[in-house]
Amino acid sequence: MSDMHQRLPANTLGRDFVVGDLHGCLQLLRSKLVGIGFNPDQDRLFSVGDLADRGPDSLGCLRLLREPWFYAVAGNHEDMLLSYFYLRDTVCHRPDSIFHNGGDWLTTITPEERDELENDLLPRVLALPYVITVGQEQASFHVAHAELMVSLDAISSDPTGQVAAELTWSRRLIRQVTSETWAERRTPHGTLIMSHQPWEPNHALTFVGHTPLKMLVMHRSHLFIDGGAYAHQDEKHLHVVDVEDARTWVS
Ligand SMILES: [Mn+2]
């Protein structure tokens, strides 16, 4: 088992960005990175996971794991991929689950691509953490796939797989957000919903995806940034969020 929690120092050279579920949308990402003037020598890009399945270029998105500027956490689709290859037991999936969730690309790749996947890319997927924490104290932020409501201490070991299941699958938090009590703010990424409880005490800003939403949502320190890019194939649904900009929107 890889380390489930990865800690990284703050970026003292450039900017940090977080991108929502990619699901094979490599070209959309490339054009977003050009648009923001992403500098791979200084800037870093964090992914909330779900790199493959559903969209046009699953392998291309998995190949991002080779880039020194690209950091990702495992989502439920990473766990599904590992389950298909019998590399990970998960609470939520069986080995064929991926074929009910957009994994058909696995049946059409060439023998060379399959070789690349098994020998180079899957070991990288297997090594992904479930949570990344960047920086220290007030300046820190977390990245996870679905939600981070377990204690960070609980993430260091997960003998039953329940912690991973909650981190990659849970929709308990997002279901607490109801339109009767929310407030709306404008951002360059469209409307941001501030819930009745935008912050959780002693919980740093946490970027998550997993649930495709029409608007950004802030609830209990979680900023939900998955715009459902694969379904729209449109840049405006793939949010590549500058962490420092996000702090100003939610403060
Ligand atoms: Mn997901």
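This report covers an annotated domain, a manganese site and a helix pair in a predicted model.

## Annotated domain

An unreviewed UniProt entry assigns residues 18–200 to the feature "domain: Calcineurin-like phosphoesterase". In the model, the C-alpha atoms at the two ends of this span are 20 Å apart. Helix makes up 27% of residues 18–200, and strand 14%.

## Manganese site

Four residues coordinate the manganese ion: Asp50 through OD, Asn76 through OD1, His145 through NE2 and His210 through ND1. The coordination distances are 2.2 to 2.4 Å. Along the sequence, the donor residues follow the spacing D-x25-N-x68-H-x64-H.

Both histidines are in loops. His145 sits between strand 6 (141–143) and helix 5 (162–169), and His210 between strand 9 (205–208) and strand 10 (216–219), so the pair links parts that are 65 residues apart in sequence.

## Helix 3 and helix 4

Helix 3 spans residues 76–84 and helix 4 spans residues 111–126. Their axes approach within 11 Å and cross at roughly 130 degrees. The two helices are therefore oblique to each other, and the crossing is left-handed.

Helix 3 contributes Glu78, Leu81, Leu82 and Tyr84 to the contact, while helix 4 contributes Arg114, Leu122, Val125 and Leu126. Of these residues, 6 are nonpolar, 2 are charged and none is polar.

Key:
Residues numbered from 1 in each chain as written. Predicted model: local features only at pLDDT ≥ 70, side-chain atom pairs only at ≥ 80, totals over all residues. Heavy atoms only, no water. UniProt positions renumbered as here; feature names shortened; annotations may be inferred. Helix = DSSP H or I, 4+ residues; strand = E, 2+ residues; numbered from the N terminus. Axes fitted to C-alpha atoms, helices over the stretch in contact; angles between N-to-C directions. Parallel < 35°, antiparallel > 145°, perpendicular 65-115°, else oblique. Left-handed = near helix turned anticlockwise from the far one by under 90°. Contact = heavy atoms within 4.5 Å. Nonpolar A, V, L, I, M, F, W, Y, C, P; charged D, E, K, R; others polar. Donors = N, O, S within 2.8 Å, 3.2 Å for Na, K, Ca; no water.
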